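Visitor: I'm new to this, so could you walk me through a protein model and explain the words as we go?

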Amino acid sequence: MSTLKFQQDNVGLLNDLRKRVNEYFDSNGISQHANFQMVFKTLSLLTLYFVPYLLILTTDLSLLAMWALTIPMGLAVAGIGMCVMHDANHGSYSSKPFINNFIGYAINLIGGNKFNWKIQHNVKHHTFTNIYGHDEDLSNGDVIRLSPFSDIKWFHKYQHIYSWFLYMLGTLSWVTIKDFKQFGHLYNEQKHIHRASFGKELAILTISKIIYYIYLVVVPVMILDIAAWHIFVGFITIHFVAGFTLSVTFQLAHVVEETSHEDGDANPSLDSWAAHQIKTTSNFARKNWLANWFLGGLNFQIEHHLFPNVCHIHYKQISKIVKEVVEERGLVYNEHMTFFEAVRSHYTTLKYFGKYKPQRVAA
């Protein structure tokens, strides 16, 4: 990764963006961190997850009713991931690091791992966005081709059809084997991290996984008078819903027609970091209240990449400033006005990437 260098921001793009956004917070006398609305959202999403869980365990429900309750649990997993742990692990939930650290472990509560995620997402994805070979969000084991620079297989010509089904497996992989494989990879790769830290993080990873499976699988098996395979169906449903929601949301922000891609193996001449983030990200449905509430600001991807230290609750307002500055500088502010426009664009991009061989030039 150290071989990739961004150009100097000689035009002061990032400084201008920061100045104008800081002026917004200062002139309105508000913090860039969480407010009451954010705290309410956090409690609402945790309620959406644990209340159905407790209802399943403590009330006399039919199998169909119990299964139906796993759907809001799946949505809550996605919501907690996008809204709660995401902000905390970017340090934007609170001005106090210990609060961010504590809330950041919400990812472990829903089956993931904070340590892995912070390196994969905060460091690799946010620094090297849409650069093949460096942004791990573009890697899906070659099953889905998300970059024009990855190898193309014969089955990719059908990926615009089958990818939507595979998106459902996203968090299922995450809570089973992926975290352990990724941890091993990071141990070999991140030589600058003290080895003792890995021992501590491996213990946290292992213990949190055990707790997760105890409360979500073992406890229901012990309490509920139903076949174990029914509980397995509920577990799978939670993750099909969560995986699909999270995967689609992230793809609409980076793998659409307007966003650019780079080939990291070709030592590309990169723009300044700020210009690169603008060119490789795309917003969608900025005026949709449900998307704005539930997606944790991920439909304001440009603002998120430029200001990951700002709580997403403020993105709607600062997006007006960011768009103004971007367009003043002659850059394109990538966005789709509706959710379904973004879905269509991602579908078209999957279809295009599935047909054309890699070319060693920027898309």
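Visitor: Leaving aside its neighbours within four places in sequence, which residues is Y49 in contact with?

Guide: Keep in mind that this model is predicted. Y49 is in contact with M73, A76, V77, I80, I110, Y212, Y215 and L216. Contact here means heavy atoms within 4.5 Å, so each of those residues meets that cut-off with Y49.

Visitor: What makes Y49 and L216 stand out in the largest nonpolar core?

Guide: Out of 56 residues in that core, Y49 and L216 touch the most other members. Helix α3, residues 63-89, supplies the largest share, twelve residues. There's also a second, separate core of 21 residues, with L14, I278, F307 and V322 among them.

Visitor: Why is T280 called buried?

Guide: Buried means under 20% relative accessible area. T280 comes out at 0%, so it counts as buried. You'll find T280 in helix α11, residues 273-280. Skipping neighbours within four places in sequence, T280 is in contact with T129, N130, A253, H254, T259 and S260.

Visitor: How do you know which element gives the most to the lining of the largest pocket?

Guide: Look at the count for α8: twelve residues, the most of any element. The lining has 48 residues in total, and E136, D137, S139, N140 and K178 lie nearest the pocket's centre. About 1500 Å³ of space lies inside that pocket.

Visitor: What classes of residue make up that lining?

Guide: It's a mix: 18 nonpolar, 22 polar and eight charged residues.

Notes:
Residues numbered from 1 in each chain as written. Predicted model: local features only at pLDDT ≥ 70, side-chain atom pairs only at ≥ 80, totals over all residues. Heavy atoms only, no water. Core = buried A, V, L, I, M, F, W, Y, C linked by side-chain atoms within 4.5 Å. Buried < 20%, exposed > 50% of the residue type's maximum accessible area, 1.4 Å probe, protein only. Helix = DSSP H or I, 4+ residues; strand = E, 2+ residues; numbered from the N terminus. 1 Å grid on protein atoms, 1.4 Å probe; cavity = no way out; pocket = protein on both sides within 12 Å on 5 of 7 lines; lining within 4 Å. Points joined across faces, edges and corners; volume = space filled by probe spheres on them. Nonpolar A, V, L, I, M, F, W, Y, C, P; charged D, E, K, R; others polar.
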